Every structure is written in structure tokens, then in C-alpha cells.
Amino acid sequence: MPFPFLSNSHASAAAAGVDVWLRSCGLTDEVGVAAMIAFTRPAELASYNSPTAELDVLQIVANQIAYQFIFDDRAEEIGRQSPDRLLPMLCESIGILRDDASPSTRLGAALADLHRQVRLRCTPAQAARWAWKSREYVHGLLYEAVAQAKPLPPRMKLSTSIRSLTAGVEPFFPLAEAAQPRELSSEELHHPVVQRLSRLSADAAVWIPDLFSSVKEQRAGGVINLALAHQRAHRCSLPVAVMLAIQQINSTIREFERLYEEIEPELSPAGIGYVDGMAGWIRGCYYWSRTVPRYVDAALTPALL
């Protein structure tokens, strides 16, 4: 990991804020949610990913991570029964994000409030980018459920394509932009190298937890996981598959570093801060995955430690 460990000084306040927000939305009243949040520590992940953010931005990041953990677990549970059972849940989310529709569930109400927080803190353009990327994440959960329901697991390319959507990392990039002193220019934001850095960051960030969750996912019959995709593609043991996945992640991070070094002289201070936010997700997911109770089974894979 080329990026050093960093932690936000507002981490404790953000953790307390997550608890208050989840209670206000009624989500911690639902079975298993409080225990899951204690095991995933969303504010800790936010602190590692956004070490220099002010508390207002950090709180939104932490709230959104907590929400996505709950939403993702619920979607996985329902989707394993049948992908079509996900439709009401996903359509409600799309309606809120696209049309500002009124929610009909607790999860929907939490998303609507999260959308409100984003619009209050971000510029209209940043909030629109956040909503767009969030809709991509919602669609990805349906693709994952369809892949899980098939008798044969998807091939490597399709598996990683679905994983890039279900990662839910890119919706946080507009918040990294909002943390900067000014909005990025269109030229910077849509520069091909900056767009490529966004893709590399999201992939590396989510593939790292895939390493640590591979044992758990294998036991649960999961298929959308980088290490398990390598195991199927190469018909090898899980430890060997993990090493292959690590090589792919390292190659992705090296490309990120190389491209960042090339583009940095052309970026404004805000642009540099924005790309630093992308790097923060790579670093943060690594240090968070190594210690979070959610992945205690990682001890069975010594190559990760």
C-alpha cells in the first residue's frame, strides 16, 4: 500500500452522528442493524477515506457508508430469494434519486434525507453527479442478484463489471469535490485521465475488501468477488486466487500512481484535492479491511496480513 495510514480527527464525532442519524431514521430499530453497524464501523471507514475533510462532509460520508451497508445487506438477502423481489426496493430508490419521489419505507426515508444532506452541502452540479452515481449503484445490485440466481457463475470480465457498480465508491467522489475550496472546472472533471483515475480508484478500493471477505463470500455462495472470480477462472485454491487478485490490485494501484503523477502538474489545487480523495478510498479500504470485525475470517488467509 503506497498511501500512508491517515485518520480524521473528527472520527468520534462522526461515529456518534451516525448513531443519531440511524436512530432518527428508525433503521436501528430493525433486526440486526445495530450489530451490523458495530461490526462494520462506517465512521471509521469514512475517517480513513477522508482524513482531511471537515466534520460536515465527513458526517455525510459516514452516514452514506452506513446507509449503503444496510441497503446492500438487505438487497443481498432479498435478491438471493429471487431478483424480481428486489424491484420495489430498487424502484423506490431510483424514484427518490431521479424524481425526488416521496419514500414509503424506512430505507427510502433514510435515502431521501441523505439526498437532502448532499443538496445542502454540495453545489447543484455536484449533487446531480452524486445522484447519478448513486443510481448506478442501485442498478448494480439488481445485476448482482441476477448473476447470483444463474446456475453458472459469471465469467471474470462480467463479474468485475458488476462489482464495479455494486462497489458504491463513485457516489462519494462528488463529496470529495465538495470538500475542495471551489468546484472543479468541466475540463478537469471530464479530463480522460481524471476519468480513468476515478475508475482505477473505485476498482482498487472495492477489490481490497474482496480479498478480506473472500472466505465469508465463499461460505455464503457469493460469486461477485474478485478473489472468487480468479478461483473460478484459474480453477485454483483460494489462497492462490487471493494472490492473483492481489497482483491485479497492485497493477491497478501502480497505474493510478503513474497517471496521477502525469496529470498532477495540469491540475488546480481543487483538482489535486479531488484526486487525493480518490486515493483516499484506496488507502482507507485497505486499513479499514485489515481491522474491521466484519472480516475476522481474513486470518484464514495469511497472505493478507
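A crossing is called left-handed if the near helix is turned anticlockwise from the far one by less than a right angle, and right-handed if clockwise. Everything below comes from a predicted model, where local features need pLDDT of at least 70 and side-chain atom pairs count only at pLDDT 80 or more, while totals for chains, interfaces and linings use all residues. Residues are numbered from 1 along each chain as its sequence is written, and side-chain values use heavy atoms, leaving out hydrogens and water.

**View 1. Helix H13 passing H14.** Here H13 (residues 238-263) goes by H14 in a left-handed crossing. Helices are DSSP runs (H or I, at least four residues), numbered from the N terminus. The two axes come within 12 Å and cross at roughly 165°; axes are lines fitted to C-alpha atoms over the stretch in contact, with angles from 0 to 180 degrees between N-to-C directions. That makes H13 roughly antiparallel to H14, a label kept for angles over 145 degrees. On the H13 side, Ile253, Phe256 and Tyr260 make the contact (heavy atoms within 4.5 Å). H14 answers with Ile272, Val275, Asp276, Met278, Ala279 and Ile282. Sorted by class, that's eight nonpolar, no polar and one charged, where Ala, Val, Leu, Ile, Met, Phe, Trp, Tyr, Cys and Pro count as nonpolar, Asp, Glu, Lys and Arg as charged, and the others, Gly among them, as polar.

**View 2. The largest pocket, with a volume of about 750 Å³.** A pocket is an open set of points on a 1 Å grid over the protein atoms alone, with protein on both sides within 12 Å along at least five of seven lines; lining residues have an atom within 4 Å of a point. Grid points are joined across faces, edges and corners, and the volume is the space filled by probe spheres set on them. Look for Phe69, Asp72, Arg163, Arg294 and Tyr295, which lie nearest the centre among the 38 lining residues. H4 (55-81), H7 (124-149), H8 (156-166), H11 (192-220) and H14 (269-291) each chip in at least two residues, with H4 giving the most, nine. The lining splits into 20 nonpolar, eight polar and 10 charged residues.

**View 3. The second largest pocket, at about 340 Å³.** Its lining runs to 21 residues, and Ser50, Thr52, Ala53, Ala179 and Gln180 lie nearest the centre. Two or more residues apiece come from H4, H9 (173-178) and H14. H14 gives the most, with five. By class, the lining of this pocket holds 10 nonpolar, six polar and five charged residues.

**View 4. The largest cavity, holding about 70 Å³ of space.** A cavity is a set of points where a 1.4 Å probe fits but cannot get out, and the structure holds two of 30 Å³ or more. Gln64, Tyr67, Trp130 and Tyr137 are among the lining residues of the largest one. H4, H5 (87-99), H6 (106-121) and H7 each supply at least two, and the largest share, four residues, comes from H7. No charged residue lines this cavity: the split is seven nonpolar and four polar.

**View 5. The second largest cavity, about 50 Å³ in volume.** Around this one sit Lys133, Glu136, Tyr137, Ser164, Leu165, Gly168, Val169, Glu170 and Pro171. H7 and H8 are the elements giving two or more residues, and H7 has the largest share, three. The classes come out as four nonpolar, two polar and three charged.

Definitions and conventions:
Parallel < 35°, antiparallel > 145°, perpendicular 65-115°, else oblique.
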